[in-house]
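The following exercises concern the arrangement of strands, helices and domains in a protein chain. Please study the sequence and the structure before attempting each task.

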Amino acid sequence: MQTSQIPNPDPLYDIIILGASGFTGKYVVKEALKFLNTPSSPLKTLALAGRSREKLTKTLQWAAHPSSPPPDVSVIIADTTEPASLSSLCNQTKLLLNCVGPYRIHGEPVVSACASSGCDYLDITGEPEFMEKIEAKYHEKAVQAGSLIVSACGFDSIPAEMGVMFNTRQWEAPAVPNHVTAYVSLESDKKIVGNFATYESAVLGVANMGKLQELRRSRPRKPRPVIPGPPPPKGSTIEYQDQIGLRTVKLPSADAVIVRRTLVTLMENPCGLPGINESPEHTQKREAYWSSVKPAHFGVKIASKTLLGIYRIIGVGIFVGVLSRFSFGRWLLLKFPSFFSFGWFRKMGPTDEEVRSASFKMWFVGYGFSDSSLASERNSKPDMEIITRVTGPEIGYVTTPISLIQCALIVLSNRENLPKGGVYTPGIVFGPDLQEGLQENGISFDLVSKTALRGPTTA
Ligand SMILES: NC(=O)c1ccc[n+]([C@@H]2O[C@H](COP(=O)([O-])OP(=O)(O)OC[C@H]3O[C@@H](n4cnc5c(N)ncnc54)[C@H](OP(=O)(O)O)[C@@H]3O)[C@@H](O)[C@H]2O)c1
């Protein structure tokens with residue numbers, strides 16, 4: 001186990017991207033180059049890290065194309081199985097962006113090195129067990145070292161976190177939300193494809209579900225946010241959502257878990273998390289932002305135009321749910337990803353064209369009360385509906401890099417206004433500052449409708 005080091009007061013790089021040669025890593029490099037040394041950008045120095053110098057050099061050429069690679073971007077050799085190489089990375093940078101997954105296999109040594117050195121860390125995992133484990137093991141250490149550790153800064157779970165906050169902020173007093181459901185719709189003229197590592201992360205996550213339950217049982221129970229009104233009805237497994245005209249089914253994604261963790265942290269810190277050396281303007285901005293966010297029950301469903309699309313999603317869920325429980329089943333799933341995912345995941349990942357042609361819409365359908373006093377009435381039912389929407393480009397290799405780099409730019413430009421250190425969810429750290437950067441880079445937030453339902457009713 002590593003001991004705490006004295007943080008390097010003047011690291012060589014603003015950002016090091018670890019796992020830069022990976023499928024997602026190379027798109028993260030491409031996104032980072034857009035901001036490297038541009039006039040108002042805080043990103044002045046960048047390095048790429050990984051196991052192979054040759055692959056990293058090729059990545060840089062690919063990401064810079066059609067320009068030639070910037071001469072001042074360094075390449076550093078590091079391996080997650082060699083702690084000394086990770087400590088050396090942490091000593092050379094203010095912020096490490098970790099794109100090496102599955103995180104349950106590779107993530108912990110990287111977090112441990114950052115929490116020991118005081119360098120900041122962001123990643124793009126969507127693996128709840130990894131996130132909850134590092135929170136349990138490294139939060140205190142990271143607070144002491146002044147290392148800000150934030151997972152899930154990709155499509156998991158930035159659109160969900162920012163989207164649910166955007167929705168709950170539309171409920172103006174005395175109105176209050178009760179529950180918000182996000183419906184994710186993936187669209188493309190070509191095939192929608194993800195890279196193997198994301199599928200592998202999901203298979204291993206389902207296979208180790210028992211460990212997540214065990215971890216949760218071993219930790220003290222956190223109080224639940226107080227949400228006005230009764231919990232929402234369970235509803236049917238497959239639902240036709242009239243408002244968006246799509247069929248939907250529950251998606252066991254990390255988003256709901258992350259949003260819940262953000263709301264719990266918010267309940268413990270109703271004005272959000274104060275910065276280390278926060279400016280009075282930022283304090284005001286943070287307090288105004290968090291006072292307008294309201295807790296609500298939250299769930300995620302995936303949407304499809306056709307019933308066949310829904311049956312295919314359920315089919316993949318059944319394959320992964322059943323086969324991942326035993327080792328031969330896992331071998332089959334991982335050996336034939338395309339077959340068991342009906343072509344949604346490929347060992348080679350999507351082509352550039354498939355990435356370019358894809359996009360997503362995430363609808364947030366919120367139900368609540370036009371007056372908070374109605375929520376406490378016996379058998380009360382929501383009498384108000386607010387629908388908002390987040391839209392953006394392809395999820396894994398365009399929206400994920402945009403989200404990660406926007407979070408990274410906030411860390412670089414706004415560090416004094418962020419908490420000193422600790423393991424947190426992205427919403428609670430970046431909430432007040434992130435939406436604008438996302439909007440400027442192709443991710444939109446829209447209010448679709450506010451509707452009074454048939455007046456306050458009682459069952
Ligand atoms: N949140 C989201 O929405 C989202 C979106 C996309 C991806 N992801 C996650 O991101 C992760 C990466 O996905 P990917 O498709 O980019 O995977 P990938 O193509 O397999 O890339 C993995 C990268 O990690 C590097 N690596 C592997 N083992 C290493 C080690 N021991 N030390 C140092 N580097 C090592 C690889 O380096 P080599 O080149 O040397 O093999 C490669 O650069 C996955 O966990 C995936 O689930 C999340």
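**Exercise 1.** Which residue in E15 does Trp363 stand opposite?

*Solution.* The model under study is a predicted one. Begin with the two strands concerned: E13 covers residues 359-369 and E15 covers residues 384-393. They pair in the antiparallel sense, over 10 bridges. Within E15, the residue opposite Trp363 is Arg389.

**Exercise 2.** Determine the order of the strands in the open sheet that contains E13 and E15, and identify its edges.

*Solution.* Seven strands make up this open sheet, and their order is E9-E10-E11-E7-E13-E15-E17. The pairing is mixed. Strand E9 (238-241) and strand E17 (444-452) are the edge strands, since each pairs on one side only. On average, neighbouring strands of the sheet are turned by 25° against each other, direction ignored.

**Exercise 3.** Which strands does each of the helices H9 and H11 lie across?

*Solution.* Consider helix H9 (residues 255-268) to begin with: it lies across strands E7 and E11, and runs at about 155° to E11. Helix H11 (residues 307-323) lies across E9, E10 and E11, running at about 15° to E10.

**Exercise 4.** Describe how domain 1 and domain 2 touch.

*Solution.* Domain 1 spans 13-151, and domain 2 consists of 158-395 + 443-458. Their C-alpha centres are 26 Å apart. In the contact, 11 residues of domain 1 meet 15 residues of domain 2. On the side of domain 1, helix H5 (residues 128-145) provides the largest share, five residues. By character, the residues of this side are four nonpolar, two polar and five charged.

Methods:
Residues numbered from 1 in each chain as written. Predicted model: local features only at pLDDT ≥ 70, side-chain atom pairs only at ≥ 80, totals over all residues. Pairing = 2+ DSSP bridges. Helix = DSSP H or I, 4+ residues; strand = E, 2+ residues; numbered from the N terminus. Axes fitted to C-alpha atoms, helices over the stretch in contact; angles between N-to-C directions. Contact = placed C-beta atoms within 7 Å. Domains from an automatic or database assignment. Nonpolar A, V, L, I, M, F, W, Y, C, P; charged D, E, K, R; others polar.
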